[in-house]
Amino acid sequence: MSAGAPERSPAGEAFVSLRGVSKAYGPIQALADVDLDLRLGEVHCLAGENGAGKSTLIKVLTGAIRRDTGEYTVDGEPLGSPTPAEARAAGIGVVYQELSLFPDMSIEENLLMGRLPARRGVTRPRELRQRAREMLARVDLEHLDPATPVSQLSLAVRQLVEIAKVLGQDPRVLIFDEPTTALSENETAALLDRIKELRDEGHAIMYVSHHLEEMFAIGDRVTILRDGKFVTSAPMRDFDHDSLIATMVGRKIESLYPAGKRTIGAPRLVVRGLRRPGVEGTVDFTVHSGEILGIAGLLGSGRSELLQAVFGADPVSGGTVEVDGQRVRPGSPRNAVRAGLGLLTEDRKALGLLLELSIRENASIANLPQISRFYTVNRRRENAIVDKYLGGLRLRAASWEQPASSLSGGNQQKVLLARWLATHAKVLFFDEPTKGVDVGAKSEIYQVIGDLAADGLGVVVVSSYLPEVLGLADRVLVMREGLVAGELTAAEATEEQVLHLASPGATPTSRVGDLAPSAGGTDVAH
Amino acid sequence: MSRTDTVDAPAAAKTPEERVLTFGDIFGRDAGGIIVLLVVFGALTLASDQFLTSANLANLARQVAIVGIIAIGQLLVILTAGIDLSVGSVLGLAGCVTAELIVHGVPIPLAILGGLLTGVVCGLVNGILVAYAQLPAFIVTLGMLGIARGVVLVFTDAATIGPLPNGFTTIANGTLLGLPNLLWLFAAVTVVTAFVLRRTTFGRYVYAIGSNPESARLAGVPVRTVLVTVYVISGTLAALGGVLLASRLGGGNPTAGIGYELNAIAACVIGGASLFGAKGGAFGAAAGALIVATLNNGGNLLNVNAFYLQIIIGLLILVAVFFDQWQGRLAGGRAG
């Protein structure tokens, strides 16, 4: 990093400053008493696990949400509770993780959307072209024809166009939220160089990423959040790879999780040589009766995609899946359900629930053939089954006839769980089972998962919340770039080891070389 | 039973408004239109002496039956969040195919079968394009609307086919136990469809797909098969309507059924179906068809200008959709 950014005392010269900011979503405290100082000419990294409150903090800065308490000043002026437009006017610009460009429109229209040059409602193409060119020049894209549709650009170029768009509003502060998720290594390096240039031009930069190497490559200072709380803010050079992870994690695993009194038996699910389109290499794994297999990995490491592929919901280009020794024909969730697989998806609303339908209908939908004769549903058996499985889950609802949309997240999860219990599934996949579920319902769901395994099911749990994976699982599979990077037993797995295996930069870098595990993986003996 | 107690009691104490929602849900799917229908019936009985006479009611039954039957098919498609714009054209095509076969000496039952098969084929093409090629239903069936109408105009040379023998025309014009045959058929189609929707796995799958096709797929629902079946049923019922219309008119009219798709959609919407899928029922759609027909019938009796009736029916559609949206927003607000 450049020699610029002289050391300053935390109290002085902050361009943007947050003091004691808190934000609660219902019972969940997303941010509690967090401080943040962004200085001009400095790259400030924000680190923390999933759910630590990083996105909430960004939303507070951009005015997307209203904070509950705390002060927000820009250039010494208190900002109150800004709307997104006011935050933008105060000089806060964000480059979003999901690109916010319109793919079917041209670059120039995208750059100036919302403030297209026009006279009496009629656009002025020449002025539009001229201003678009100037904006593109700021990110060295002057060779690009501003009339090109965005859909023809590579993701890296789109990212630059996005930056040009934000720069067009002359921000003093630039927030980058996971900007490299979709970029290759070279593109990432180029983007980081670009960000350094912006810093040297005197912008204050906030950089949020899961990739620790990027933070070390670019960061001048880092603020670490944990469970919504401010942990520390210090110069980046005070940390190395390990101490940063330790500070991010720094938590003891609560005894939310069921004690493991399970006997692990014969293999129930055997996946061999599973190959997915677009991923080089194959995946093998086995889940035994009575076993909980955890799958960990960073965002985009292909955890959910692996489950979807095994379940037949996504295409598979090779490999076999066997349940209790029976081959499952790939490519059809219907076959997977018949073979005894069940999948509780991460996005319950988009990929699980039938919101307009009643709780009863949601719970029985995967089981209808078994409770029907001559294609006619036997209502008595349906009600008996729903009573049996939903009743056992202590669902809080007035009636089974209530629409599923009227339930809270935890109760919706229970409905989906009952759906698969009713099918007598042999192997259950849980994708982020406690996402959006409050703490009380969480421990209930953990309990159920433990009971299911104790009953002899094979259980697979995917979670980006590491304590959950480590607390629940008997064995942990760590994924990286769509493949299994390593496997740890519950006894030996620590959060640090999992993070090391999961990080794309597990190959040695100048800072952390002596601490990184070998890229291949399973031999992480510390 | 003790289990239900433990489930119900705390929830009822904590959130009484959930009970209201439950109540609304039980009646929401089907019966909104039936109430409106009763009101219209009552009002017309008071307003006109001639309304509640057996002659007029038989007349009303004949007017409503054919649109009602295709509205039931349309309903199945709408429940999957699709739409079938081709029913009017398929109706015209099937009627003319049947008439043509009869004129060429094919036995009446076989000729009817031929007409119905036309509908099956049209529905199959629609369904495969929607379910497998994943084209938007609106576009696919709009194409079929043009194709089926064009085919019938080409092969009939735009001329009516007839006359048709008595053996065929008595089907739609005859009576059974004092009630028009058409009414019996309409009632049969409605009751069977209501049973299928409420009690069979297929019916449950139709609602599931309309609610969220991807969720349904992941729950093991055979989404494509169900979609194709739904379009085939819609095509077949449209063809049945075509056969009956040809029978009623005593000839195959190549322009029969123009605009019927809109009447069928209107009947479904007025009967409480949501174009976003998963909401509505067979009795609702039948009631919707009856409401439109009754308004037209009553308007005639009361000498209301037919153009005003169009305005009234248009308003009725808007009100029906407004209530659908409004209820949805209320439910959404509670859930959040």
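1. Let's start with a helix pair in chain A. Asp242(A), Ile245(A), Ala246(A) and Val249(A), in helix 8 of chain A, meet Glu495(A), Glu496(A) and Leu499(A) from helix 17 of chain A. Sorted by type, the residues of this contact come out as 4 nonpolar and 3 charged, with no polar ones. Bear in mind as you read on that this is a predicted model.

2. Now the geometry of that pair. Two packed helices are described by the angle between their axes and the distance between the axes. Here helix 8 of chain A covers residues 241-249 and helix 17 of chain A covers residues 495-502; their axes come within 10 Å and cross at roughly 125°. An angle between 115 and 145 degrees counts as oblique, so helix 8 of chain A and helix 17 of chain A are oblique to each other. The crossing of helix 8 of chain A and helix 17 of chain A is right-handed.

3. While you have helix 8 of chain A on screen, click on Thr247(A), which sits in that helix. Is Thr247(A) buried or exposed? Neither, quite: Thr247(A) has 18 other C-beta atoms within 10 Å, so it counts as partly exposed. The cut-off for buried is 20 or more, and for exposed 12 or fewer.

4. What does Thr247(A) touch, once its neighbours within four places in sequence are left aside? Thr247(A) is in contact with Ile224(A), Val231(A) and Thr232(A). There is also a link across the sequence to look at: Thr247(A) and Ala47(A) are 200 residues apart along the chain, yet their C-alpha atoms are 9.4 Å apart in space.

5. On to chain B. This chain has 15 helices and 2 strands, and 52% of its 336 residues count as buried. Taking the contacts in chain B between residues at least 6 apart in sequence, 78% join residues at least 24 apart.

6. A word on confidence. Chain B averages a pLDDT of 85, and 87% of its residues score at least 70. Among the elements of chain B, helix 6 (residues 108-131) has the highest mean pLDDT, 96, while helix 1 (residues 2-14) has the lowest, 37.

7. Two stretches of chain B deserve a flag. Over residues 1-29 of chain B pLDDT stays under 50, and the model has 34 contacts beyond four places in sequence for them. Over residues 332-336 of chain B pLDDT also stays under 50, with 5 such contacts in the model.

8. Last, the overall scores: the model gets ipTM 0.72 and pTM 0.73.

Notes: Residues numbered from 1 in each chain as written. Chains lettered and ligands numbered in written order. Predicted model: local features only at pLDDT ≥ 70, side-chain atom pairs only at ≥ 80, totals over all residues. pLDDT = per-residue confidence, 0-100. Helix = DSSP H or I, 4+ residues; strand = E, 2+ residues; numbered from the N terminus. Contact = placed C-beta atoms within 7 Å. Axes fitted to C-alpha atoms, helices over the stretch in contact; angles between N-to-C directions. Parallel < 35°, antiparallel > 145°, perpendicular 65-115°, else oblique. Left-handed = near helix turned anticlockwise from the far one by under 90°. Nonpolar A, V, L, I, M, F, W, Y, C, P; charged D, E, K, R; others polar.
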